[in-house]
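User: I am new to protein structures. Could you show me how to read one, feature by feature?

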Amino acid sequence: FLPQVDSANAGRVLASDAAVFLKKSGLTDLVLGKIWDLADTDGKGILNKQEFFVALRLVACAQNGLDVSLSSLNLPVPPPRFTDTSSPLLLSGTASSDLPWAVKLEDKVKYDAIFDSLNPVNGLLSGDKVKPVLLNSKLPVDILGRVWELSDIDRDGMLDRDEFAVAMFLVYCALEKEPVPMSLPAALVPPSKRKPLSVPGAMPLLPSSTKESHQSLPPVGILAAKTPLTQ
């Protein structure tokens with residue numbers, strides 16, 4: 001990974017170069033900021049080789065649903081995934097199109113029934129209609145905020161039938177005590193949404209909505225905060 005961001009071969013990585021590269025991980029700016037703060041131990045805005053490897057390791061932790069903290073560094077995780085077709089180690093957007101969808105057919109039928117019962121308009125549900133279903137799960141507000149972020153794949157503040165299935169899948173995983181990932185795994189992206197780089201390409205819109213979800217602590221505000229962004 002290092003040669004891709006250390007073009008001058010100086011053994012260090014500047015914040016600007018690292019930011020462009022780390023964005024390809026598909027993680028939100030909030031999470032990437034936390035990763036940078038932990039890796040840039042002296043706060044100089046430059047990472048040496050060791051610090052850069054710490055950043056990569058933290059990216060891998062976040063992608064696998066682990067806490068972004070130095071205590072996670074010793075946990076066994078697969079290598080980090082980045083949407084960059086130039087490296088054989090990395091997962092490209094097109095490769096994921098062959099993966100079977102993680103949502104099983106029998107579950108999809110159940111999720112579709114819930115979706116239809118919520119009176120979608122033009123095949124879409126607004127945040128206000130999805131909110132009561134999510135809150136009904138009694139999951140923590142920050143988890144529900146992440147579920148919404150991950151399932152609203154095209155960032156339009158609405159969920160279509162497939163995006164709603166992703167939201168329900170993540171809620172049921174969380175209820176089974178499985179961690180909700182920081183970025184949407186390739187196998188969970190609905191086949192209808194699988195275009196090369198479609199998910200990471202939407203990342204620049206994330207900072208405002210991510211921070212908003214963390215600030216709106218009352219459960220009622222969690223999804224209502226999303227709708228103004230689209231108007």
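Analyst: We will go from the whole chain to helix packing, cores, aromatic pairs and backbone angles.

User: Where do I start, and how many helices and strands are in the chain?

Analyst: Start with the source: this is a predicted model. Then take stock of the elements. The chain has 12 helices and four strands. Next, look at burial. Of the 231 residues, 47% are buried. Then look at contacts. Among contacts with a separation of 6 or more, 61% join residues 24 or more positions apart.

User: How do I describe two packed helices?

Analyst: Two packed helices are described by the angle between their axes and the distance between the axes. Try helix α3 (residues 29-39) and helix α4 (residues 49-63). Their axes come within 9 Å and cross at roughly 145°. The crossing is right-handed.

User: Which residues of α3 and α4 meet?

Analyst: From α3 come Val 31, Ile 35, Leu 38 and Ala 39. From α4 come Glu 51, Val 54, Ala 55, Leu 58, Val 59 and Ala 62. Sort them by class: nine are nonpolar, none is polar and one is charged.

User: Now the cores. Which residues touch the most other members of the largest nonpolar core?

Analyst: That core has 30 residues. Val 147, Phe 164, Leu 170, Leu 184 and Leu 188 touch the most other members. Now ask which helices feed the core. α5, α6 (127-135), α7 (141-151) and α8 each supply at least two residues. The largest share, 10 residues, comes from α8.

User: Can we zoom in on one of those residues? What does Leu 170 touch?

Analyst: Skip residues up to four places away in sequence. Leu 170 then touches Val 147, Leu 150, Val 180, Pro 181, Leu 184 and Leu 188. There is also a second, separate core of 22 residues. Its members include Ala 18, Leu 58, Leu 73 and Phe 82.

User: Is Val 166 in helix α8 buried or exposed?

Analyst: Val 166 has a relative accessible area of 0%, so it is buried. Now list its neighbours, again leaving out residues up to four places away in sequence. Val 166 touches Trp 101, Ser 151, Leu 184, Leu 188 and Pro 190. You can also compare C-alpha positions. Those of Val 166 and Ile 153 are separated by 9.4 Å, with their positions 13 residues apart along the chain.

User: How many residues of α7 are buried?

Analyst: Nine of its 11 residues are buried, and the helix is mostly covered. Among the buried ones are Val 147, Trp 148, Glu 149 and Leu 150.

User: How do I read aromatic pairs?

Analyst: Check two values: the distance between ring centres and the angle between planes. The structure holds four aromatic pairs. Take Phe 52 and Phe 53: their ring centres are 6.4 Å apart and their planes meet at 45°, so this pair is tilted. Burial splits the partners. Phe 52 is buried at 0% relative accessible area, whereas Phe 53 is partly exposed at 40%. Both belong to one aromatic cluster with Phe 21.

User: What about Tyr 111 and Tyr 172?

Analyst: That pair is stacked, with 6.0 Å centre to centre and 15° between the planes. The pair links distant parts of the chain. Tyr 111 is in helix α5 (residues 105-117), and Tyr 172 is in helix α8 (residues 161-175). They are 61 residues apart. Tyr 111 is buried, with a relative accessible area of 6%. Tyr 172 counts as partly exposed, at 43%.

User: Last topic: phi. What should I look for?

Analyst: Most residues other than glycine have a negative phi. Look for exceptions. Arg 155 has a positive phi of about 55°. It lies in the loop between α7 and β4 (158-160). Lys 177 has a positive phi too, near 70°. Lys 177 lies in the loop between α8 and α9 (198-201).

User: Why does Arg 155 count as buried?

Analyst: Buried means under 20% relative accessible area. Arg 155 has 18% relative accessibility, so it counts as buried. Lys 177 counts as exposed, because its relative accessibility is 74% and the exposed class begins over 50%.

Notes:
Residues numbered from 1 in each chain as written. Predicted model: local features only at pLDDT ≥ 70, side-chain atom pairs only at ≥ 80, totals over all residues. Heavy atoms only, no water. Axes fitted to C-alpha atoms, helices over the stretch in contact; angles between N-to-C directions. Left-handed = near helix turned anticlockwise from the far one by under 90°. Contact = heavy atoms within 4.5 Å. Nonpolar A, V, L, I, M, F, W, Y, C, P; charged D, E, K, R; others polar. Phe/Tyr/Trp six-rings, centres within 6.5 Å; stacked < 30°, edge-to-face > 60°. Buried < 20%, exposed > 50% of the residue type's maximum accessible area, 1.4 Å probe, protein only. Core = buried A, V, L, I, M, F, W, Y, C linked by side-chain atoms within 4.5 Å.
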